[in-house]
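Subject: Structure handover

Hi,

Here is the structure I promised to pass on to you. Have a look at it first, and then read on for what turned up when I went through it.

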Amino acid sequence: MSTIFCTGCGEVMPADAQFCAKCGKRNATLATETASTAATSSAAAAPVGPDVIPAPTERDYTPGAKSRITAGILGILLGGIGVHKFYLNKIGLGILYVVFCWTAIPAIIGLVEGIIYLTQDDVTFGRQQMVAVRRSSY
Ligand SMILES: [Zn+2]
């Protein structure tokens, strides 16, 4: 049987022992092996101990995701030239707003749409606009 030195107290201990018999410290060699095995068996598992909380990730972030709040404010302020439609990838509708911007109608519609966006929840907004939505912070 091979022996190793304890990382805690330097005592000689069996290489396959889970804990040091003298100080009770976990066998670092075995701990490393366990961690690397877990990492390879599951791609999602991060090589951190069970007591470590992973850094918060921006789970709701999707490239190209739209902000409901931004769309609403654009609709209210610049709805007359369809800026909120361009923002939501609705280019054809946006052009229609621009074409009719000399009337007051797109501005009124944009204002109403902007208010609707701001009062909707993110999920409803995303379904109606058929866009990925960046979760609002409130
Ligand atoms: Zn020890």
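Gly 114 lies in helix α5, and this is a predicted model, so please read everything below in that light. Is Gly 114 buried or exposed? It counts as buried, because 20 C-beta neighbours sit inside 10 Å, and 20 is the number at which a residue is called buried. Along the chain, Gly 114 and Ala 71 are 43 residues apart, yet their C-alpha atoms are separated by 6.8 Å. If you set aside the neighbours within four places in sequence, the contacts of Gly 114 are Gly 72, Ile 73, Gly 75, Ile 76, Gly 79 and His 84.

Now to the helix around it. α5 covers residues 105-119, which is 15 residues. At 1.5 Å a residue the helix should span 21 Å, and its end C-alpha atoms are indeed 21 Å apart, so the two agree. Its buried residues are Pro 106, Ala 107, Gly 110, Glu 113, Gly 114 and Tyr 117. Viewed down the axis of α5, these fall within an arc of 130°, so they line one face of the helix. The general reason is that an α-helix has 3.6 residues a turn, so residues three or four places apart point the same way. On the face turned away from the buried side you will find the exposed residues Ile 105, Ile 108 and Thr 119. What covers the buried residues of α5? The cover includes α2 (68-78), α3 (83-87), α4 (91-99) and α6 (122-129).

The pairing of α2 with α5 is worth opening in your viewer. Their axes come within 7 Å and cross at roughly 160°. Angles over 145 degrees count as roughly antiparallel, and α2 and α5 are therefore roughly antiparallel to each other. The crossing of α2 past α5 is left-handed. On the α2 side, the contact is made by Arg 68, Ile 69, Ala 71, Gly 72, Ile 73, Gly 75 and Ile 76. On the α5 side, the residues that make it are Gly 110, Leu 111, Glu 113, Gly 114, Ile 115, Tyr 117 and Leu 118.

α2 has a buried side too. Arg 68, Ala 71, Gly 72, Leu 74 and Gly 75 are its buried residues. Around the axis they cover an arc of only 165°, which puts them on the same side of α2. They pack against β3 (66-67), α3, α5, α6 and β4.

Next, two residues from the neighbouring helices. Val 83 is found in helix α3 and is partly exposed, with 19 other C-beta atoms within 10 Å. Beyond its neighbours within four places in sequence, Val 83 is in contact with Leu 74 and Leu 78. Val 83 and Gly 94 are 11 residues apart in sequence, and 6.6 Å apart in space from C-alpha to C-alpha. Gly 92 belongs to helix α4 and is exposed, with 8 other C-beta atoms within 10 Å. From Gly 92 to Gly 82 there are 10 residues in sequence and 9.8 Å in space, again C-alpha to C-alpha.

If you check backbone torsions, two residues may catch your eye. Asn 89 has a positive phi of about 65° although it is not a glycine. Where is Asn 89 found? It sits in the loop between α3 and α4, and it is partly exposed, with 13 other C-beta atoms within 10 Å. Met 130, which is not a glycine either, has a positive phi of about 55°. Its place is in the loop between α6 and β4 (133-134), and Met 130 is exposed, with 9 other C-beta atoms within 10 Å.

Finally, the chain as a whole. There are 6 helices and 4 strands, and from the N terminus on the elements run β-β-α-β-α-α-α-α-α-β. Of the 138 residues in the chain, 19% are buried. Among contacts with a separation of 6 or more, 42% come from residues 24 or more positions apart.

Happy browsing, and best wishes!

Notes. Residues are numbered from 1 along each chain as its sequence is written. This is a predicted model: local features need pLDDT of at least 70, side-chain atom pairs count only at pLDDT 80 or more; totals for chains, interfaces and linings use all residues. The expected span of a helix is 1.5 Å times one less than its number of residues. A residue is buried if 20 or more other C-beta atoms lie within 10 Å of its own, exposed if 12 or fewer, and partly exposed in between; C-beta atoms are placed from the backbone. The arc is that of the directions from the helix axis to the C-beta atoms. Two residues are in contact if their C-beta atoms, placed from the backbone, lie within 7 Å. Axes are lines fitted to C-alpha atoms, for helices over the stretch in contact, and angles run from 0 to 180 degrees between N-to-C directions. Angles under 35 degrees count as roughly parallel, over 145 as roughly antiparallel, 65 to 115 as roughly perpendicular and the rest as oblique. A crossing is left-handed if the near helix is turned anticlockwise from the far one by less than a right angle, and right-handed if clockwise.
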